[in-house]
Amino acid sequence: MRCFVGVPVTGSLARQCKELSLGLPRATPRPNLHLTLAFLGQCTPAGVARLSGELQSLADCFPAFALDFDCCEPFPAQQGPFLALTTTISGSLNALHEALWESLGRQGVEREQRAFRPHITLAKPGLALAPQTGQWLLSVDQLCLYQSELIQGEVPTYRPLSQHPLTGMA
């Protein structure tokens with residue numbers, strides 16, 4: 001199964017994301033909204049169990065934090081609207097992202113080669129929004145291991161396989 005690690009988008013940010021994507025073709029369904037931390041590719045059930053344990057250990061080391069998004073724009077080029085961080089990555093997010101990849105490396109997962117650009121996909125490639133600035137707040141309070149189910153011609157479905165609340169002390 002295809003898997004990735006992400007942070008679910010819920011509450012008022014999920015509502016704001018849906019408002020930003022109104023009228024866009026192939027808009028991301030509300031339950032699918034997330035910030036991807038690591039794409040894992042194909043995983044076995046045994047691998048998922050090991051990764052879930054690693055994610056729980058990691059979540060126990062990090063306190064929840066908030067992440068400010070300040071731009072809604074297409075990237076790269078005109079490939080679709082994304083809620084994006086255009087400022088530097090916060091220290092908390094960077095530390096979590098690096099610790100996650102260190103943990104995944106111990107499990108034999110090869111690190112992605114592209115640079116990490118935190119974003120929330122509002123719609124798949126198609127008509128793009130004009131860039132907008134604003135302030136949108138994501139509560140980074142859990143890690144989620146997702147399965148990505150692809151059905152040709154449809155928007156993918158992301159099913160949570162395990163959820164791990166961030167419980168570390170600040």
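**View A. Tyr146 and its partner across the strands.** In this predicted model, Tyr146 has Pro160 in strand 8 as its bridge partner. That contact belongs to an antiparallel pairing of strand 7 with strand 8 (residues 157-165), which runs over 8 bridges.

**View B. Strand 7 from its other neighbour.** Strand 1 (residues 2-8) is joined to strand 7 by 5 bridges, and these two also run antiparallel. Here Val5 finds its bridge partner in Leu145. Strand 7 (residues 142-149) has 7 of its 8 residues buried, so the rest of the structure largely encloses it.

**View C. Three rings in one aromatic cluster.** Phe4, Tyr146 and Tyr158 make up the cluster, and a search of the whole structure turns up 2 aromatic pairs. Phe4 and Tyr146 are stacked, with 4.9 Å from centre to centre and 15 degrees between the planes. Phe4 sits in strand 1 and Tyr146 in strand 7, so this pair ties together parts 142 residues apart in sequence. Both of these residues, Phe4 and Tyr146, are buried. Phe4 and Tyr158 meet edge-to-face, because their planes are at 85 degrees, with ring centres 5.1 Å apart. That second pair links Phe4 in strand 1 to Tyr158 in strand 8, 154 residues apart. Tyr158 counts as buried at 14% relative accessibility, and Phe4 is buried at 4%.

**View D. The cavity beside Tyr158.** Tyr158 turns up again here, lining the largest cavity along with Thr28, Asn32, Leu33, His34, Thr121 and Lys124. The structure holds 1 cavity of 30 Å³ or more, and the largest has a volume of about 40 Å³. Its lining is a mix of 2 nonpolar, 4 polar and 1 charged residues.

Definitions and conventions:
Residues numbered from 1 in each chain as written. Predicted model: local features only at pLDDT ≥ 70, side-chain atom pairs only at ≥ 80, totals over all residues. Heavy atoms only, no water. Buried < 20%, exposed > 50% of the residue type's maximum accessible area, 1.4 Å probe, protein only. Helix = DSSP H or I, 4+ residues; strand = E, 2+ residues; numbered from the N terminus. Pairing = 2+ DSSP bridges. 1 Å grid on protein atoms, 1.4 Å probe; cavity = no way out; pocket = protein on both sides within 12 Å on 5 of 7 lines; lining within 4 Å. Points joined across faces, edges and corners; volume = space filled by probe spheres on them. Nonpolar A, V, L, I, M, F, W, Y, C, P; charged D, E, K, R; others polar. Phe/Tyr/Trp six-rings, centres within 6.5 Å; stacked < 30°, edge-to-face > 60°.
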